[in-house]
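Please look at the sequence and the model below, and keep both in view while you read. The paragraphs that follow go from place to place and describe what lies there.

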Amino acid sequence: MKLRAVKGTNDRLPADQPRWHHVIDAAARVLGRAGVQEITTPVFEFAEVFERSVGEAADLVVQKEMYTFDDRGGRRLTLRPEFTAGVLRAFVEHGMHTWPSPVKLWSHGPAFRAENVQRGRYRQFHQVNLEIVGTAAPVADAEAIALFADVLRALGLRGVRVALGSVGDPDDRAAYNAYLRGALEPHAEELSETSRERLRLNPMRVLDAKDPGDRALVAPLKRPLDFLNPASRAHFDAVAACLDAWGVPYDVDPGIVRGLDYYRRTAFEIHAEGIGAQSALGGGGRYDGLVAQLGGPDVPGIGWAFGIERVLDALAQAEVALPAAERPLLFLVPMDDEAVAEAAGIARGLRAHARVEHAYVRRAPGKGLRDADRSGARFAGLLGARERADGVVLLKDLASGSERRLPLGQLPDWILAETSLAPATTDTESTASDAV
RNA sequence: GUGGAUGUAGCUCAGCAGGUUAGAGCACCGGAUUGUGGUUCCGGGGGUCGCGGGUUCAAAUCCCGUCAUCCACCCCA
């Protein structure tokens, strides 16, 4: 059998790395300046961590999509299908409720779901995640949403839509679910099988139905936002007021619902167009009560996550320019056997200041210059018998073709001068013209 | 789990009313060029035509099955 990557998993090749780092770096910068600290939790946890977080209504649909297995010690483990449960487990385990409140944590890394693959949906995918734990203040909700928008803007992504809604408090949800049952059960025969099942397990999710008949039945009905108690309503209004005041654009979506039980009040999603059926870049919401559900103190929290693959897809679709790979400043070419180790040694000595590469075998100047050219280097440094006799390197500017013989001892200063003139990370076109 | 499309070189694809030795472009290696790159020219390596079976004198080509990939349904934390 030919070896291949497992279905739904992907290699991230060298050419993919700059744009990937572009996303992580933007998140680190934007979130870091807001005082959000990075946390890294394990890729797998005891299955119970996720099972406890998920709730009853969702366990049927959700657990079958989790990668759960027994290890050799008989422990039942699950590859994380999301970040929140693991981060909150760490919050509890390390007593973070005693830290200055609120505790703001972000993470990034892979997550796993045993779903069928399509565009924007993979079995191993990657997320950037934010949690703000320890405050129920609506300003925290607004800040979380604003930070989400800020990260996307820092990436250069425009034209995404923030949809803001509220699923209310538990009693609001209970009231709304009862209302939906009352309204829809008389028409149960007309509903799709899926929606009938949802009506039984988690009625609000009938709002997510795609079946035209279901949608027609649901269209005239009230939305979760219409069922908020005064406190929930005030919370929602306060969040919206903050976003208005800060100039963060959003659309109110009264019909946003959640598949998981732990969400309270604020729920939001961000969608992008042109990236296929899986248009949600990410979403989040408030989860007061979840920390307690995981065995910790009863502290409130709010969080979000976005899918890195989907954001990159959206960036590509929007034709946003992304950083190119770093190119070498200098490529050293040994032109006789004696120069091979010499070139490698010189390169080592210069790497404190710049990216310097070299050929690993003796190269004729023609081949060596071709190697240098293909490496993307701005300069080639030829080393042969004549150079050795004079203690110099023959430096060639690959863009202009001009050459000079530079004493080896002056290479470090030359490197410093060059690196101060042009940053090491620029795209190909601009560097080619700058390099003259 | 369901449906559609697609599987030919590392990549993008042509070839497919069955017919000799399976092609192109790009990429890679070498030469023209034993001290000067990019351009150009010449040459080369690289293929179980996804896999299995069937039809046929003959299958990359037709038929059946199977696997994989993509897109969509489903599901969505």
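The residues that line the second largest pocket of this predicted model divide into 5 nonpolar, 5 polar and 7 charged. The lining is made of 17 residues, of which Arg12, Asp16, Trp20, Glu309 and Leu312 lie nearest the centre of the pocket. Three elements give two or more residues to this lining, namely helix 1 (17-33), strand 6 and helix 11 (308-317), and helix 11 gives the most, with 5 residues. The volume of the second largest pocket is about 390 Å³. As for how such a space is found, rolling a probe the size of a water molecule over the atoms shows where empty space is left.

Since helix 11 gives the most to this lining, it is a suitable element to follow next. Helix 11 is mostly covered, with 8 of its 10 residues buried, and these buried residues are Ile308, Glu309, Arg310, Val311, Leu312, Asp313, Ala314 and Leu315. What do the buried residues of helix 11 pack against? Their partners are helix 1, strand 6, helix 5 (138-154), strand 10 (280-286) and strand 11 (301-307). After helix 11 comes Glu319, a residue whose phi is positive, near 55°.

Strand 6 can be followed through one of its residues, Gln127, which lies in this strand of residues 124-133. Is Gln127 buried or exposed? With a relative accessible area of 9%, Gln127 counts as buried, because that value falls under 20%. Leaving aside residues up to four places away in sequence, Gln127 touches Glu82 and Phe83, then Ser107, His108, Gly109 and Arg113, and further along the chain Ala305, Phe306, Gly307 and Ile308. Ile308 is also one of the buried residues of helix 11.

A second buried residue is found in another strand: Phe379 has its place in strand 14 (residues 379-383). Phe379 is called buried because its relative accessible area is 7%, which is under 20%. Although Phe379 and Leu330 are 49 residues apart in sequence, they are 4.7 Å apart in space, C-alpha to C-alpha. Leu330 is also among the residues that Phe379 touches, together with Leu329, Phe331, Leu395, Lys396, Asp397, Leu398, Trp414 and Glu418, when residues up to four places away in sequence are not counted.

One of these contacts of Phe379, Leu398, leads on to the RNA, for of the 42 residues around RNA strand B, those that come nearest are Thr194, Arg205, Gly259, Leu398 and Glu403. The residues of this surface divide into 13 nonpolar, 8 polar and 21 charged. At least two residues each are supplied by helix 3 (56-63), helix 7 (193-201), helix 13 (365-375), helix 14 (385-390) and strand 15 (392-397), and helix 13 gives the most, with 7 residues.

Which parts of RNA strand B lie within 4 Å of the protein? Of the RNA atoms within that distance, 54% belong to sugar or phosphate, while the rest belong to bases. Individual atom pairs show several kinds of approach: a polar side-chain atom of Arg374 lies 2.6 Å from a phosphate oxygen of RNA strand B, and a polar side-chain atom of Arg4 lies 3.3 Å from a sugar or linking oxygen. In the case of Arg386, a backbone N or O atom lies 3.2 Å from a base oxygen of RNA strand B.

Note on methods. Residues numbered from 1 in each chain as written. Chains lettered and ligands numbered in written order. Predicted model: local features only at pLDDT ≥ 70, side-chain atom pairs only at ≥ 80, totals over all residues. Heavy atoms only, no water. Helix = DSSP H or I, 4+ residues; strand = E, 2+ residues; numbered from the N terminus. Buried < 20%, exposed > 50% of the residue type's maximum accessible area, 1.4 Å probe, protein only. Contact = heavy atoms within 4.5 Å. 1 Å grid on protein atoms, 1.4 Å probe; cavity = no way out; pocket = protein on both sides within 12 Å on 5 of 7 lines; lining within 4 Å. Points joined across faces, edges and corners; volume = space filled by probe spheres on them. Nonpolar A, V, L, I, M, F, W, Y, C, P; charged D, E, K, R; others polar. Near = heavy atom within 4 Å. Polar contact = N/O pair within 3.5 Å; in protein donor to acceptor, adjacent residues only side chain to side chain.
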